[in-house]
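Biologist: I'd love a close look at one single residue in this model, set against the fold and the pairing around it. Could you take me through it, starting from the wide view?

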Number of protein chains: 2
Amino acid sequence: MTANTTDDATITTPADREILVERIFDAPRERVWAAFSRLEQLVQWWSGGDLFAVERWEFRKGGHYRFLDRYDGEINGFEGRFREITPQERIVQTFEWDGMPGHVAVDAVTFTDLGDGRTKVTTLRQFHTPEERDGMLHSGMAKGMNASYRALDTLLTRSA
Amino acid sequence: MTANTTDDATITTPADREILVERIFDAPRERVWAAFSRLEQLVQWWSGGDLFAVERWEFRKGGHYRFLDRYDGEINGFEGRFREITPQERIVQTFEWDGMPGHVAVDAVTFTDLGDGRTKVTTLRQFHTPEERDGMLHSGMAKGMNASYRALDTLLTRSA
């Protein structure tokens, strides 16, 4: 079986307010979980590894996060709050971009052990409205997500 | 025409994720707007005037707010972010209670000059899911909202 680590993520729209992103990583679930839950690893791949600053990181139910990234010379803020954290299995958190303040999406991220040393990461992003969902789809989300996931591939390879 | 300032708010559910709250205040629109937009007035009626602390108040698009109130001896946190502020007319902001972190509602508050010295305040609260909406309806929201609005009546009378 060949590893799919350089593939793009599969992006679908199961409902009019939802985006579903699926991606397989060539690493065991504990490793992938560590890359999502430990800040020193997260900063190496989030935003394609081009993070500018971490203003807040409270990885617990009810905790907040806030990142600044740099893209085309501009600084952008992203923030949210953790709704649910089930170690190795699931993270539910909100997501909000400074450019559209008050437009909040909810991400449910699920980690599935594929049993062959690979891990599937599924992100169901639910928006408040179909218009917000469509705006995100047209914003270059796929490109940004794939860049981040490729940086995550690199991190997982390095630490294997 | 008699003023309806001691009436309860009208609460309806126009859609399965929405709650609509309508209330008439016996004061001109500029006065009601000031009571919503100026912190020193807001703290006198929000949470029935029983606010414990203001941790954050940035009344501008993209700004955050965070309040602590005291209810039955317990401290509760509430927070959100301003999406839109149109002076005298409309405030759109998110609303989140610490007890259910990551469950975010969006409030669109509209101020209508009734032309007779009274002002109608309409709040359309949109939730992510029907379940969140129903949870809020059963949480004693009407009681809390009416207590706050009666404290607002008092403030408006005092400053008339």
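Modeller: Happy to! By helices and strands I mean DSSP runs, at least four residues of H or I for a helix and at least two of E for a strand, numbered from the N terminus. Please keep in mind that this is a predicted model.

Read from the N terminus, chain A follows the order β-β-α-α-β-β-β-β-β-β-α-α, which comes to four helices and eight strands. Its radius of gyration is 15 Å, close to the 15 Å from the globule rule for 160 residues, so chain A is as compact as a globular protein of that length. Along the principal axes, the C-alpha atoms fill a box of roughly 40 × 35 × 35 Å. Of the 160 residues in chain A, 48% are buried. If you take the contacts between residues at least 6 apart in sequence, 45% of them join residues at least 24 apart.

Now let's zoom in on the residue I picked, Arg29(A). Arg29(A) sits in helix H1 of chain A, which covers residues 29–37. Is it buried or exposed? Neither label fits: the relative accessibility of Arg29(A) is 22%, and because buried means under 20% and exposed over 50%, Arg29(A) counts as partly exposed.

Which residues does Arg29(A) touch, once neighbours within four places in sequence are set aside? The partners are Gln88(A), Glu89(A), Phe111(A), Thr112(A), Asp113(A) and Thr119(A). For a sense of distance, take Met145(A), which is 116 residues from Arg29(A) along the chain; the C-alpha atoms of the two are separated by 19 Å.

Stepping back to the surface and charges, chain A exposes about 7,700 Å², with carbon and sulfur atoms supplying 50% of that area. The chain carries 20 positive and 26 negative side chains, and the centres of these two sets lie 4 Å apart.

Finally, the pairing. Two copies of a chain are related by a rotation about an axis and a shift along it. Here, a rotation of 180 degrees with 0.0 Å of shift along its axis brings chain A onto chain B, at an RMSD of 0.0 Å. The two copies are therefore related as by a two-fold rotation axis. Within chain A, His128(A) comes closest to that axis, its C-alpha lying 2.8 Å away. Both copies use the same surface, as 100% of the contact residues of chain A recur in chain B.

How values were computed
Residues are numbered from 1 along each chain as its sequence is written. Chains are lettered from A and ligands numbered from 1 in the order in which they are written. This is a predicted model: local features need pLDDT of at least 70, side-chain atom pairs count only at pLDDT 80 or more; totals for chains, interfaces and linings use all residues. Side-chain values use heavy atoms; hydrogens and water are left out. The radius of gyration is taken over C-alpha atoms; the globule rule is 2.2 Å times the number of residues to the power 0.38. Buried means under 20% relative accessible area, exposed over 50%, partly exposed in between (1.4 Å probe, protein chains only). Contact means heavy atoms within 4.5 Å. Accessible areas come from the Shrake-Rupley method with a 1.4 Å probe; for residues, only the protein chains shown count as cover. Lys and Arg count as positive and Asp and Glu as negative; His and the chain ends are not counted. The place of a charge is taken as NZ of Lys, CZ of Arg, CG of Asp or CD of Glu. Copies are superposed by least squares on the C-alpha atoms of residues with pLDDT of at least 70 in both.
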